[in-house]
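Opening the notebook on this one. I'll jot down what I look up as I go.

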Amino acid sequence: MAFSLEQLRRAISKAGFLAAAAMPAVEFSDWRQVVLSRPGYEDFPSLPSRADPRASLAGARSVIVAVWDYSTIPTPRSGRGKVARLYLSRSDPPEQGDHPAGRLMEQFFKSRGWKFTAALPRREAAVAAGLVQQRRNCLGYLPAGHSFVSLFAWAVDAEIEPGRLLRQDTGAVRATPLTGFVYPGARHDPCGGCRLCIDRCPTGALASPYVLDPCRCIDRNTWRAGESLPRSLRSDLGTRIYGCDVCQEVCPFNRRVLSAAPASAPPGEPDFDLARLATVGDEEYHAVWAKYFVYNPDRNDIRRNAVVAIGNAADPTSLPLLGNLLSDEVPVVRGHAAWALGRFATPAAKQALEAALARESEPAVREEIAAALDDCAERA
Ligand code: B12
Ligand code: SF4
Ligand code: SF4
């Protein structure tokens, strides 16, 4: 006998999700086809294997998708424009069970004796269940609503009555059955003549409607681990050090939620000062910052990003700091500090770079310094 939607309703309500759905565990074959055919997804080699819930979980019978609204979560003001709202609100844990709401759901599955897997295409599942509709920036939007939602999904080995659950203004969660489910459903373009997200993407990552080049997306680049950021993208990063919200912030369909009065951050939130982040030590990083930069346990990735942001902010008072960072113990930080100094092109910046070149032995950093000196010459 199928597990009733009513029982799932109680779990979703307790976890605090805005909406959810249960549907049959179908193979997301169209989605796999797209992933395999688009360039740029080689960096995500495990992605296509998420298409078939039954391959990830023997006996998978249902998929549960849940929508977490992070638009109203209070976040540190000093982080805005530097860290994407998804990460500032701590709504994208590497494992769904690391999030309080995801943990409650997984405890619920375990209490029922259900086996589950989280290896799924979460947005595709949410679109298939009719919980969100994709727009040209690729993001899933709530029906007649915004896109600042994080999506959770699990396949379970229990049969659940298909249906949707939606939290009402009163706070109560209402259930409606899902009839005539088919995958894939029809895809309609709801954007009319608009192209704002495509035209305003700082790196040109949105090549055309619904098509993203992940290698150019700021989000993917800011969580690169232990490597240099592509030189051609560094200036496009602006002061963003983790993720990017531009394609959502320019969207007319997000205007209302963005203009709502921002909730004030709880007292004691840290100051996302770029100089502080560029020089952060290990202990402070793990105590204060690692909870925001969830995919980067190594502080040096964020130090590198902060150094690039300082270069882009072009505030001459940061010249001494960048000069000091040319002697940092971490080569990637030294290399990016050189790049940042190259953007200033002042005699002091040039002098610091020449002195660094004379003492530097790391070939990759020497290359960065030489390129930065060329930048100085060009700008002069
Ligand atoms: C890989 C990945 C990335 C990659 C690639 C992104 C991408 N668009 O593929 C990178 C690292 C770049 C990335 C960036 C971001 N991501 Co991401 N990412 C994922 C992940 C793991 C898989 C996404 C995926 O399925 N990609 C494969 C491609 C092929 O899918 P797709 O873009 O949806 O393609 C479909 C459309 O093109 C559609 N389509 C094609 N033609 C047409 C025509 C019409 C008319 C229509 C309607 C549709 C349509 O068909 C395709 C297949 O279904 C999911 C989590 C998960 N486990 O599922 C999160 C996820 C999608 N990301 C998320 C977020 C929030 C982001 C960022 C906003 C983070 C940030 N603030 O920096 C950015 C946004 C970038 C963007 N504009 O897409 C959220 C999205 C929530 C939402 N509301 O949709 C997810 C679900 C994670 C979460 N925490 O909830 N991400
Ligand atoms: S998140 Fe930023 S870089 Fe990525 S597609 Fe959107 S606007 Fe472009
Ligand atoms: S900015 Fe325009 S084109 Fe892009 S998602 Fe929003 S409505 Fe669609």
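At what angle do helix α14 and helix α16 pack, and how far apart are their axes? I note first that this is a predicted model. I get an angle of about 5° for α14 (residues 299–313) against α16 (residues 331–342), with the axes 8 Å apart. Angles under 35 degrees count as roughly parallel, so I'm calling α14 and α16 roughly parallel to each other.

Next I listed who makes that contact. From α14 I have Asn300, Arg303, Arg304, Val307, Val308, Ile310 and Gly311. From α16 come Val332, Val333, His336, Ala337, Trp339 and Ala340. Sorting the residues of this contact by class, I get eight nonpolar, three polar and two charged.

**Domains**

I pulled up the domain assignment, which gives domain 1 as 1–269 and domain 2 as 273–380. Their C-alpha centres lie 34 Å apart. How many residues of each domain are in contact with the other? I find 23 from domain 1 and 20 from domain 2. On the domain 1 side, those touching domain 2 divide into eleven nonpolar, six polar and six charged.

**Ligand 1**

There are 34 residues around ligand 1, and I wrote down the ones that come nearest: Ala84, Arg122, Gly140, Asp219 and Gly243. Which elements each supply at least two residues of this shell? My list reads α2 (29–37), α6 (122–128), β6 (149–156) and α8. By class, I have 17 nonpolar, seven polar and ten charged residues around ligand 1.

**Ligand 2**

Then I went to ligand 2. Around it I see Cys201, Pro202, Thr203, Ala205, Leu206, Leu212, Cys217, Ile218, Asp219, Cys244, Val246 and Cys247. The elements giving two or more residues here are α8 (218–222) and α10 (246–249). I make the class split for the ligand 2 shell ten nonpolar, one polar and one charged. Asp219 turns up around ligand 2 and also among those that come nearest to ligand 1, which I've flagged in the margin.

**Leu357**

Last stop, Leu357, which I place in helix α17 (residues 347–359). Buried or partly exposed? I count 17 C-beta neighbours inside 10 Å for Leu357, so it goes down as partly exposed; buried would take 20 or more. Setting aside neighbours within four places in sequence, I have Leu357 in contact with Arg366, Ile369 and Ala370. I also checked Leu357 against Asp213: the two are 144 residues apart in sequence and 35 Å apart in space, C-alpha to C-alpha.

Definitions and conventions
Residues numbered from 1 in each chain as written. Chains lettered and ligands numbered in written order. Predicted model: local features only at pLDDT ≥ 70, side-chain atom pairs only at ≥ 80, totals over all residues. Near = placed C-beta within 6 Å. Helix = DSSP H or I, 4+ residues; strand = E, 2+ residues; numbered from the N terminus. Nonpolar A, V, L, I, M, F, W, Y, C, P; charged D, E, K, R; others polar. Domains from an automatic or database assignment. Contact = placed C-beta atoms within 7 Å. Axes fitted to C-alpha atoms, helices over the stretch in contact; angles between N-to-C directions. Parallel < 35°, antiparallel > 145°, perpendicular 65-115°, else oblique. Buried ≥ 20, exposed ≤ 12 C-beta atoms within 10 Å, placed from the backbone.
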